[in-house]
Structures are given as C-alpha cells and as structure tokens.
Amino acid sequence: MNKFKTLALVLFSSTALLVTSCSKDNETPEPVAADLTVNTVADLDGSKDAVYYSLSTNTQVTGDDITAGKWDLKFSTTKISVNGGTSGTGTTQAQVVNSTFADLTTAPADGYKTDAADVGAIAGWYKYTSETVPQHAILAIPGKIIVIKTSDGKYAKLEMISYYKGNPDTTTPIFADADNRETITPSRYYTFRFAYQANGSTSLK
Amino acid sequence: MKYIFFCMLIALTINAQAQHADTLSTDTSKSKKLKEVVVTATRTNKTLMQVPMPVTTISNKEIKNRGLVRLNEILNEQTGLSVLPDAHGQGIQIQGFSPDYTMIMLDGLPLIGRTTGILDLSRITTNNIEKIEIVKGPVSSLYGSEAMAGVINIISATPPVGASGSISTRYGTNKNADISLNGAYATQRLSLSGFVNRYSSSGYTLVPESGSATVSPFYGYTLNGTLGYKFSDRTQIKFQVRDYTSTADNNFLVDNDRITGDGTEKTLNASAGLTHRFSDKFTGDVRLYHAGYSTKSLLINNTDNSVYDETFFDQNFNRAELQGDYKIINSLRFTGGVGGQDESVKATRYNDKKTFQSGYAYGQADWTPLKKLDIILGGRFDAHSVYRSQFSPKLAASYQFSDKFVLLASTGKGYKAPDFRQLYLNFTNAIVGYSVFGYEEAATELKKLQDQGQIQAVLIDPATLQRLNAESSTAYNFGFRYKPFTGVMWTVNIFRNNIRDLIDSQPIAIKTNGQSVFSYFNIHDVYTQGAETDISYNFLTHWTVAGGMQYLEAYDQSVLDQIKAGQVFGTDQATRETVKIKKSQYGGLLNRSKYMANARIAYQDDKTGIIASLRAIYRGRYGFSDVDGNGIVNRDDEYVKGYVLFNASVSKLFLNNQLRLQVTGDNIGNYKNPGAISNLAGRLVYAGVTYNFSKQQ
C-alpha cells in the first residue's frame, strides 16, 4: 500500500508540475517511463547486523547472495556503502546530489565515486543532533539525493527518509525523549524511497 | 503613620529613593529633554537634539517610577532592544546583533565577564544611577572592540551637597528581594558616596517534572564606593570601586542522579581618573582602570558523592588611557586619546594562562561649519598582540532645520575581536565525545589526538588555516528627531549593518568514535537592516502616552545565495516531503523578531504624589530551532510564537516625597512558554517602600 501511495504521489506531482495550467478535465496522467520503477522501502531492519539491498530486484539480499555480490547497497548503522571499492567486489559507484526526489530527473553524467578506505561514496545524508532537540538523534538531511550507478551500469536515485522504526515524526516530544527512544522507535530501521532505471539510460523521470 | 508601618509589615519591603526628591520633577517637559546632554556617542558633552547618532536615554526617575531594579528589566522595555533568554545569562540584542556585539559600560568604562559572549545584565543594579545612555550603531571609532551593535553606558549619580542617604527595597514573587542602602556626603570640593545592594531570589522552575530548576536560588551583593575631590575649578580626581559577588545554589537531575553545588561569580571594577583643564580650550584626562571577572563552581553527584564537574574562570583586564579635548576654534573641537591594555585569562578549559596586549589611539573632530550643521569625523586604530590590527572610522552629521526638526546620518565601522574562547578553548565533551579547539590550539591539539590514534580523517589541515580575523561591520544609520508641537517627540531611524567574517565553529576532523573535532573560522557574512520609530506625547499636564516599534530583517548572505541557486531544501511540515526552500520561506537568523513594539501610558500628579504607568511590550515571532535538518528556519514549527507582556507600576509619595510606596506587576498576563523562553517566570508582583533623607548644608 505504501508503494502504491508513493507511486501515486510521484505521478501526481510530476503531472502537476507539467500541466499546472491545464484544467482538471483534460488532465491525463503522464506515464512514468516504462523501465523506471519507483519503490518505497519501509523499516529495512539493520538493528542486529548490517543489511544488504538490491535495487534491481527491490529485495533484501541475504546469505550466500551477499558473498556472491548480488547487492547494491549495504546499510550499517549510519554508514551506507556501495558494492565496490573497499566495501565490495562489484563496481558500484554513487554520489550525493542536492535536489529533491522529484526534481532530479536525470542522473549526472559524472562525479561518481566508489568506497575508499577513508571516505565513502555516500556521505552527508544525515545529521547528528547532538545537544539540540531532539537530542542525540540521526535525522536525514532534506535534499540529499543519492544517485547510484550499479555494477551493471544502471542508474538509480534514492532518498533516505528515516533511521527509526515506523518512520516516526521526529518533531514530537515522544521522539525527543532520548532515554526511551530506542524502546519506542528503535534505530537502524531504514525507510527510503528509490527510483531504478532498468534500461541503462540516465533518465530518472 | 500606622498605615505606613502596616504596609511595611505586610509587604516586608522598603523601597527608597537614592536621588533626592527626583521623583518630583515631572518627565513631561520635553524642552528640558531636548537640552539634555549626552556623552556616550562622542565622549564629549553634546545636546541630545544635536548628536548625530541614534541615542536614547533612560532617566533614573523613569527607572524608579517603573519599579525596575536590574538592568535587564529596564532594557527589555526599550524600543528595538530585546533581552534574550539563555542559560548563560540575560544578554541584549540591538539592531539584530547577538549580545556579544554590544559594549556595556559603567561611567564610560567597559564591563567584562562574558560567558559564550553574553554579559548577564541581571548582575547590574539600577541603584544609584543618574541615567542610562544607549547608542545604536557602531562606536568602535571611540571604544574599540565589542562596540559593534552599540553601547550601553550606565552613568552613576553624583550626590547632592550635604549629607544624604536612603534605604530602598523591593520584594515579591519567587522571594525576589532587592535591597539597597545608600549614603553620601558632599561639599563643594569633596564628594563621597557608597552603597550596598543585595539581590536575591528563590529561583523558579518552569518544568517541574524535570526535577531541575530553570533558575536556581541565588543571592548577590554589590558594594560601591566613590570618592571625588576638586582641587580647584581646573583639577579634579575621582576614584570608584565596585564589587559584585553572587552565589547560586545549583540543584538538578541528570539521569536520575541529583547534582548539587554552589557556583559563584565575582566582578571587580576599580578606576581612578584625573581631569585637568589647562585652559578654556584644552582639557586633559588620565584614567586607570582595572576589571576582574571570575567564576567558580563545584558540582557533586549525590548518588555516589563524586565530583560531577569542577570549573573555574579568571579574567583580568587593565587599562591606562590618556585623553585630550581641544577646542581649536569655536566651531571645531578635537578629541583624541591613546591607551594600552593588558588582558589575561586562566580557566579550566584553557591549557595555561593566556594573555593579550593591545594598544590604541583614537581621534575625533567635531566640526560645525554652519550653525545648523554638525559633522563628526573620527577613527580609532587598535594594534593587538594576537589578531590583526583594526582601523575603525566613523562619519556622522546632523542638520538642524529648526528647533523642531533635526536630520541625522552616520556611517562607521565596528569590530569585535576574537575572544579567548575562539582562540584558546581546549574542550572535549566527556559524555558525547566531541572536541572543540580554539584557533591557536587547533594544530597542536589535533596532532596530540592523531598521535593517540583518535583521528579517523582530517577534513581541514590546521596548517592551511588563515589567521583568525576580527568580526567587523559597516553600518549606515539615517533618521530624524521631530517635535511637531509641544509635548510631542518623534524619532525615526533606518539602519543597515553589513557584517563580515562572523566566527563560527566548523569540523576540522572526524574522530574514531564518529564525533567531530571543531575549530573556529571566519565563515559567515550576514546583514541586518530595518527601521525603528519612537513617539511620545504629553498631555493634560499629568499624562504621557508613548509607543515604539522596530522592523528587522537579519539574513545570512550565503544562505540567500544558496536559496537563489536552488540548493536549500527542507521538509514540509504536513506531508513530510522534501521541498525546495524559497526566499520567502527563509526565516533569517535565529532569535530575531521581524516585529517588536511597545506602548506605554503614564500618569504623574505631583500634588497628590501619585505616579502610575502601564506598559505593553510585544515581541513578534522569531526563529528558534531547525526541525527539518537543513540548518535554517523555514517552517512554522521552527518559530517561537509572538507574545505581549504587560507591566505596570503604581506609586504614592508621602512626607514631602521622602517616602514612596510602590506596587509593581511584571508580566501581569502571566505569559509563559517553558519550552522556549526560560526568562519568563510568569506573573511577578512586587511591593516596595522607599525612604530617603538629605540634609542640606
């Protein structure tokens, strides 16, 4: 249901952008390019161990498939690694672009990096609140769109939404209560949405 | 008499008047006010109507009539000023500048003792004040560092000839008590005066379930002594010593552990001045000044009697200064001076004793080429042992179209030196694990951490850093003073401050524990601009109505540039979707209200001795926090709602004005916002009785 909602929202907002001057009657939904799939992943559980994900199959990767390198992204606490460089056997690359999920309609031609020992390809997607309310929380920074070039040369864009189970509203007093946060909304449950372009083009529309 | 004693018993208060019979003179004579002389803007006496910078004065009489005993209380009622709530004390915002950028002076000498840039105004008693002068806009051309947003100068009262004395107390909500004893003796030559003031409170708790007080109980003493002697009409000396000691009884909860302990704060100011008039044209001054500020606290964890935190801070400031004032011709007057300063600090969070030396010279020409035109050109050069030298020029002019209308314009540069914290701090948060190093310490301390294997990655090599520069601003002020008809005074000032090189912390390395190492950089360019206006009207002999407001915009230039480039994003409050931030959504710098206003109605009848006033102070909504993680204010839930405070006071004078009974109500509407505004304790009601005597010779 969540997926459907997001899809509908993307459809609606892109349509709205294109045809704002149109009247409601002749409004026809602009179809999403056939090969682009948009998905929302809710509460991917990385609370016990690192969790691996495949963008092409939109599924979590486990067991032997991990060693076989059938994954694109690895989530381990706040660190998101790509299957490449120092993190994996593949050649996956990524970069973080300042935009919104809707506005980023074409993947950049260059600027991709893979993971290196001192610095990962995906950095700066979150902020640690430290002493400011909600204290000691990890919050996704709005407008940080992760663009991924997978090992087989396919492009995807991904937006991190939440680091906590149930994608809680982080502005509430309940969430602000740092002492009980792990009990109510445990961390390392990843909620994100992504669009995967299967046809190998840079189009993410 | 019975009635009076009854009152005293009930209210446990005596609130006396230091100034002899000053409550009698009405505040209604505006012509008097126009001839009023101010000193702070030019370091020379000038009439308030003519001085070409925005200056406001608050008389002792006005402070007493409103029943306000601490500096923060009176300043919060002034147009364009707001007293900000902060854990480190109550500081003042002028023209959108943080408290760090306003110099607070006692008789023209700067007060020291700031914690994270804030000089706590509640330290300063309003006892024994003649008046307070507030100059807006930079006055670094005369006073150097810190006088960037403006200057607040507290001018002490001079005792009348004869023996005089007074006792004054105010008592009320939260066991808030303020007691002053004043004594003075003066002849034509000698003037000797002193006072003791005790200020205490049981504190208050806005969030009782936290188990911690918002303000802990405290008591503080101010001791002040002044000695003046006129050797002749030409030569006089003056000595002044003031000591303030305050003790807070801390008691709070951390993770269910009860933490208790005393914190003390001390300030000492001592000055000596000699003035000699060499001729009708030339006067010279020499001044020596020492100021000290120290804090000490020892906090004990009551669960296991371990030391939770132990800190000390010791700061010393010494200055010698020579000033000359030379009237070259009647229309041209030159004021100049040279001085040297020595400063030192020793504290828990600094490696060892740190010292600063600086020297300065300033000059100012006050030229009246036409009777109606007054031009002031001045500048000051500061040479410093640690940061780059500064030159602060100033140009100001006033044109008096008539007795009723004066136009004024000024421009100048202000600066604020990097403080000890920005240069020398060496702090690691024991609980979270991040570190902050001052600019001068960054390289060595980072190297130490690297050697200990605590550094994962260096983001900025300290060796590549530019020397930390002073923060500076260029300001423009333009306005008028207008007295359209008797009893009305209207002032307007439009301002713009371009502020460069604001210092902020930024990560320079990542530790292996994932936390950052911060140091200080000249990062931001911001600007503040706006307008303020004040109008007052006296009518039917006894009545005054007055009002003022300020409109303010305060923005970070780099954020505006990023918004223009479409690079700033936020989260929509309702849908929680990521959205691009437009300029209209950017709320500017935190803690700045776009709109502030105040209104006042006052009544004074000398025959019956009844004085009353009601004041309303409005502070418009202001940015408070960043909820959606983009570092700026852009959502409604990132603001503190606007609010109005109502303050009132009623006095009745008896026995030839020697005795005053007063009731004061602060925040009568009982407005509170526990989550965001820590200095609003709710409704405060005080009662006071005042008694003063004087024996003329």
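How many bridges join β20 of chain B to strand β21 of chain B, and in which sense do the two strands run? Before I answer, please keep in mind that what we are looking at is a predicted model. The answer is that ten bridges join β20(B) to β21(B), which covers residues 390–400, and that the two strands run antiparallel. To find one place along this pairing, you can look for Gly379(B), which stands opposite Pro393(B) in β21(B). The connection between β20(B) and β21(B) is a hairpin, and the chain passes through five residues to make it.

β20(B) has another partner as well, since strand β19, residues 354–370 of chain B, pairs with β20, residues 373–384, in the antiparallel sense over eleven bridges. Here Ala365(B) has Leu377(B) as its bridge partner in β20(B), and the hairpin formed by β19(B) and β20(B) has two residues between the strands.

Let me turn now to another part of chain B, where five strands form an open sheet in the order β3-β8-β9-β6-β7, with mixed pairing. The edges of this sheet are taken by β3 (55–59) and β7 (109–110), and each of them has a single partner strand, so one side of each is left without a neighbour in the sheet. Within the sheet, strand β8, residues 129–136, is joined to strand β9, residues 150–156, by seven bridges, and these two strands run antiparallel. As a landmark on this pair, Lys131(B) has Ile155(B) as its bridge partner in β9(B).

I would also like to pause at a single residue, Asp86(B), which lies in the loop between β4 (81–84) and β5 (91–94) of chain B. Is Asp86(B) buried or exposed? Asp86(B) falls in between, because 18 other C-beta atoms lie within 10 Å, whereas a buried residue would need 20 or more and an exposed one 12 or fewer. If we leave aside the neighbours within four places in sequence, Asp86(B) is in contact with Gly91(B) and Ile118(B). For a sense of distance across the chain, the C-alpha atoms of Asp86(B) and Leu468(B), which are 382 residues apart along the chain, are separated by 26 Å.

Finally, we come to the place where the two chains meet, and there 15 residues of chain B are in contact with 16 residues of chain A. On the chain B side, β30 (569–571) and β31 (578–580) each supply at least two of the residues that touch chain A. Sorted by class, that side of chain B has five nonpolar, seven polar and three charged residues.

Notes:
Residues numbered from 1 in each chain as written. Chains lettered and ligands numbered in written order. Predicted model: local features only at pLDDT ≥ 70, side-chain atom pairs only at ≥ 80, totals over all residues. Contact = placed C-beta atoms within 7 Å. Helix = DSSP H or I, 4+ residues; strand = E, 2+ residues; numbered from the N terminus. Nonpolar A, V, L, I, M, F, W, Y, C, P; charged D, E, K, R; others polar. Pairing = 2+ DSSP bridges.
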